Amino acid sequence: MENNLEEVKAPTILKSTRESVHVFAPATVANVVCGFDVLGFAVNEPGDEVIMRQTNKPGITISKITGDDGRLPLDPAKNTVSVSVQHYLQSIGRTDVGLDIELHKKMPIGSGLGSSSASTVAGLYAIKTLLGDDSDPAKLLPFAMKGEEMACGHGHADNVAPALLGGFVLIRSYDPLDVIRLPHPAGLYCAIVFPDVDVPTREARQIIRQKINMKDAVTQWGNIAGLVSGLFMQDIDLIGRSMKDILVEPVRSMLIPDFYKMREIAMGMGAVSFGISGSGPSVFAFTKDEETAKRITQKLQQHLTGIKIGSNIYVSTINDAGPRVI
Ligand code: HSE
């Protein structure tokens with residue numbers, strides 16, 4: 001699917017079909033180790049929820065945010081959900097609409113699991129549903145990227161695209177925006193561990209190298225091509241041996257407690273691959289079955305407890321559905 005930012009047109013709508021809607025949007029694993037800013041996939045849990053209601057007064061209010069420990073702004077001019085929704089409303093000429101938003105965070109902020117993306121996508125899917133806009137959800141991508149830009153200073157799409165479209169996604173190009181949904185083997189499980197340390201994406205982007213040499217580039221694009229081939233060929237071993245990152249991981253791993261020890265444990269227990277989820281601190285492993293994924297998350301949690309670091313763990317298959325009304 002090619003989706004040029006400049007070419008996004010107002011959908012032919014819009015007659016309100018409902019007064020309120022409750023939407024879930026999934027967490028995502030961006031980069032998938034070797035594909036910095038170009039690869040990502042959605043998981044079944046965790047995820048965020050938005051309840052959106054139409055009001056009589058034009059404009060957006062945020063009446064409630066839960067699960068954020070008071071960290072997110074209720075001011076609609078500063079919250080990524082309302083700002084993205086406002087951009088969408090402007091693009092379709094519907095600034096007359098009145099909305100109230102409740103945001104329920106069901107995942108940690110600054111976790112590397114696409115927390116801001118899940119909220120933004122839930123908000124955009126909610127307004128789309130509320131207004132009966134039946135155009136392709138991919139049309140919402142530029143608005144979701146605005147939210148990402150606001151959240152961390154850069155409008156990358158490798159969290160918002162899989163959160164919005166579901167499944168495994170490749171951002172082939174940012175200009176023009178060209179987003180491709182990739183297949184994946186059915187039996188791929190994802191074991192996720194979020195060590196409870198703060199790694200804001202904005203900062204995790206500032207520490208990475210801006211220049212790379214040709215030898216490293218050759219290694220990296222060989223791995224990206226290997227990963228994408230493995231996804232098409234349903235070859236889990238090829239996927240595993242391609243998930244190596246020599247550009248970003250060596251730097252960002254320093255922000256994650258016992259990263260290389262956790263890798264050793266996970267790989268020793270049968271993981272197919274192991275790496276940083278998005279900008280971290282969450283880490284993830286692919287496995288060939290659910291039981292192995294569960295055992296790995298429990299063992300890594302135990303290890304982190306041993307070094308006095310709390311953690312959240314999740315086991316999931318890849319979520320092909322993306323956002324949904326609940
Ligand atoms: N590709 C982005 C980064 C994802 O690595 O900074 C952020 O979750």
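A salt bridge here is a side-chain nitrogen of Lys or Arg within 4 Å of a carboxyl oxygen of Asp or Glu. The close-ups below come from a predicted model, where local features need pLDDT of at least 70, side-chain atom pairs count only at pLDDT 80 or more, and totals for chains, interfaces and linings use all residues. Residues are numbered from 1 along each chain as its sequence is written, and side-chain values use heavy atoms, with hydrogens and water left out.

**View 1. Asp320 and Arg181 meet in a salt bridge.** The N to O distance between these two side chains is 3.7 Å. The pair links distant parts of the chain, 139 residues apart: Asp320 is in the loop between strand S10 (311–317) and strand S11 (324–325), while Arg181 is in strand S6 (residues 177–182). Helices (H or I, at least four residues) and strands (E, at least two) are DSSP runs, numbered from the N terminus. Both partners are partly exposed, Asp320 with a relative accessible area of 42% and Arg181 with 39%. For these labels, buried means under 20% relative accessible area, exposed over 50%, and partly exposed in between (1.4 Å probe, protein chains only). A search of the whole structure finds 13 salt bridges, and the next two views show two more from this model.

**View 2. Lys105 and Asp48 form a salt bridge.** Here the closest N and O atoms are 2.4 Å apart. This pair, too, links distant parts of the chain: Lys105 is in the loop between strand S4 (98–104) and helix H2 (115–130), Asp48 is in strand S2 (residues 39–55), and 57 residues separate them. Are the two partners buried or exposed? Lys105 counts as buried at 6% relative accessibility, and Asp48 is buried as well, at 0%.

**View 3. Glu264 and Lys261 pair up within a helix.** The closest N and O atoms of this salt bridge are 3.4 Å apart. Because Glu264 and Lys261 are three residues apart in helix H9 (residues 259–268), about one helical turn separates them. Glu264 counts as exposed at 52% relative accessibility, whereas Lys261 is partly exposed at 36%.

**View 4. The ligand sits in the largest pocket.** For readers who like their grids explicit: on a 1 Å grid over the protein atoms alone, a pocket is an open set of points where a 1.4 Å probe fits, with protein on both sides within 12 Å along at least five of seven lines. A molecule sits in a pocket if more than half of its atoms lie within 2 Å of its grid points. The residues around the ligand, each with a heavy atom within 4 Å of it, include Ala30, Phe36, His156, Asn159, Thr201, Arg205, Arg252, Gly278 and Ser279.

**View 5. Asn31, Asp37 and Asp158 make polar contacts with the ligand.** Such a contact is a pair of N or O atoms within 3.5 Å. A polar side-chain atom of Asn31 is 2.8 Å from a ligand oxygen atom. On the nitrogen side, a polar side-chain atom of Asp37 lies 2.5 Å from a nitrogen atom of the ligand, and an N or O atom in the side chain of Asp158 is 2.7 Å from a ligand nitrogen. Taken alone, the ligand exposes 260 Å², and the protein buries 98% of that (Shrake-Rupley method, 1.4 Å probe).

**View 6. Two cis peptide bonds precede Pro176 and Pro281.** Most peptide bonds are trans. The bond from Asp175 to Pro176 is cis, with omega near 5°, and Pro176 is placed in the loop between strand S5 (168–174) and S6. A cis bond also joins Gly280 and Pro281, with omega about 5°; Pro281 lies in the loop between strand S8 (273–276) and strand S9 (283–287).

**View 7. Val32 and Gln234 have positive phi angles.** Most residues other than glycine have a negative phi. Val32, with a phi of about 50°, is found in the loop between strand S1 (20–30) and S2. Gln234 has a phi of about 60° and belongs to the loop between H6 and helix H7 (236–242). Val32 is buried at 0% relative accessible area, while Gln234 counts as partly exposed at 45%.

Note on methods:
Polar contact = N/O pair within 3.5 Å; in protein donor to acceptor, adjacent residues only side chain to side chain. 1 Å grid on protein atoms, 1.4 Å probe; cavity = no way out; pocket = protein on both sides within 12 Å on 5 of 7 lines; lining within 4 Å.
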